[in-house]
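Please open the model in your viewer and keep the sequence panel beside it, so that each selection can be followed from one stop to the next.

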Amino acid sequence: MMLFAACKSSEKKSELFEYNGKYPDESAQNMTITVSDSGRTSFIVTTPMFNRYNGDTSYVDCPEGITITSFNDFGRKQAIITANYACQINNNLFKATDNVVIYDIINGDSVITDEVIWDQRRRSIYSTKSVKQVKRDGSVNYGDGFDADERFTKYTIIHPHGEMVGYDF
């Protein structure tokens, strides 16, 4: 009877980390990663659940969402990116999906989309999905995607349309 109870308890524990029928090789809850370059913080990444899967196609995912805070060259918070899901596509590409919001803290603009790709090799983030840009003054623009540097200090909306203030041209 004692052995049966122990097996039952162990079985319940493993269900906690199952995701889409897969079991990760490593998991961490409430994880924070600080990325720095030459002693300066570039990004702080936080996630409620981080999973690493090893094997023929190794990858990581954050099934409960992710928040990335970027910092500019002067150490000030530049932007905050939130998404309901994130995963690694390959060694240099990461994808955030499902309600992705990028808030430019310094300029007060927001970009909202369904998917963002972070290309570490190009040091850029971009989307080829429809985007909604909400400017600090409340005006709203739409586009067919965007391209930005990885810290979101500069970005361009692809094929913008919507409310545009004349001095923006």
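The tour goes from the whole chain to a pair of strands and then to a single side chain.

**The whole chain**

Begin with everything displayed, and keep in mind that this is a predicted model. The protein has 169 residues, of which 36% count as buried, and its secondary structure consists of one helix and 14 strands. If you switch on a surface, the accessible area comes to about 10500 Å², with 51% of it belonging to carbon and sulfur atoms. Among contacts with a separation of 6 or more, 35% are between residues 24 or more positions apart.

**Colour by confidence**

Next, colour the chain by pLDDT, which averages 84 over the protein, with 83% of the residues scoring at least 70. Select helix H1, residues 2-15, and then strand S5, residues 77-83: among the elements of the protein, H1 has the lowest mean pLDDT, 39, and S5 the highest, 96. Over residues 1-15 the pLDDT is below 50, and this stretch has one contact in the model beyond near neighbours in sequence.

**Strand S6 and its partners**

Now select strand S6, residues 85-88, and show its side chains: Tyr 85 and Cys 87 point one way, Ala 86 and Gln 88 point the other way, and all of these residues are buried. In a regular strand the side chains alternate between the two faces of the sheet.

Add strand S3, residues 59-62, which runs antiparallel to S6 and is joined to it by two bridges; within S6, Ala 86 is the bridge partner of Cys 62. Then add strand S7, residues 93-104, which is also antiparallel to S6 and is joined to it by four bridges. Here Tyr 85 stands opposite Thr 97 of S7, and if you follow the backbone from S6 to S7 you will trace a hairpin with four residues between the two strands.

**Gln 133**

For the last stop, centre the view on Gln 133, which lies in strand S10, residues 131-134. Is Gln 133 buried or exposed? Its relative accessible area is 6%, and because this is under the 20% cut-off, Gln 133 counts as buried.

Which side chain makes a polar contact with that of Gln 133? Display Tyr 155, whose side chain is joined to that of Gln 133 by a polar contact of 2.7 Å. To see the wider surroundings, leave out residues up to four places away in sequence and select those that Gln 133 touches: Asp 109, Ser 110, Val 111, Ser 139, Val 140, Asn 141, Tyr 155 and Ile 157.

Technical notes
Residues numbered from 1 in each chain as written. Predicted model: local features only at pLDDT ≥ 70, side-chain atom pairs only at ≥ 80, totals over all residues. Heavy atoms only, no water. Buried < 20%, exposed > 50% of the residue type's maximum accessible area, 1.4 Å probe, protein only. Polar contact = N/O pair within 3.5 Å; in protein donor to acceptor, adjacent residues only side chain to side chain. Contact = heavy atoms within 4.5 Å. Pairing = 2+ DSSP bridges. Areas by Shrake-Rupley, 256 points an atom, 1.4 Å probe, with all protein chains shown as cover. pLDDT = per-residue confidence, 0-100.
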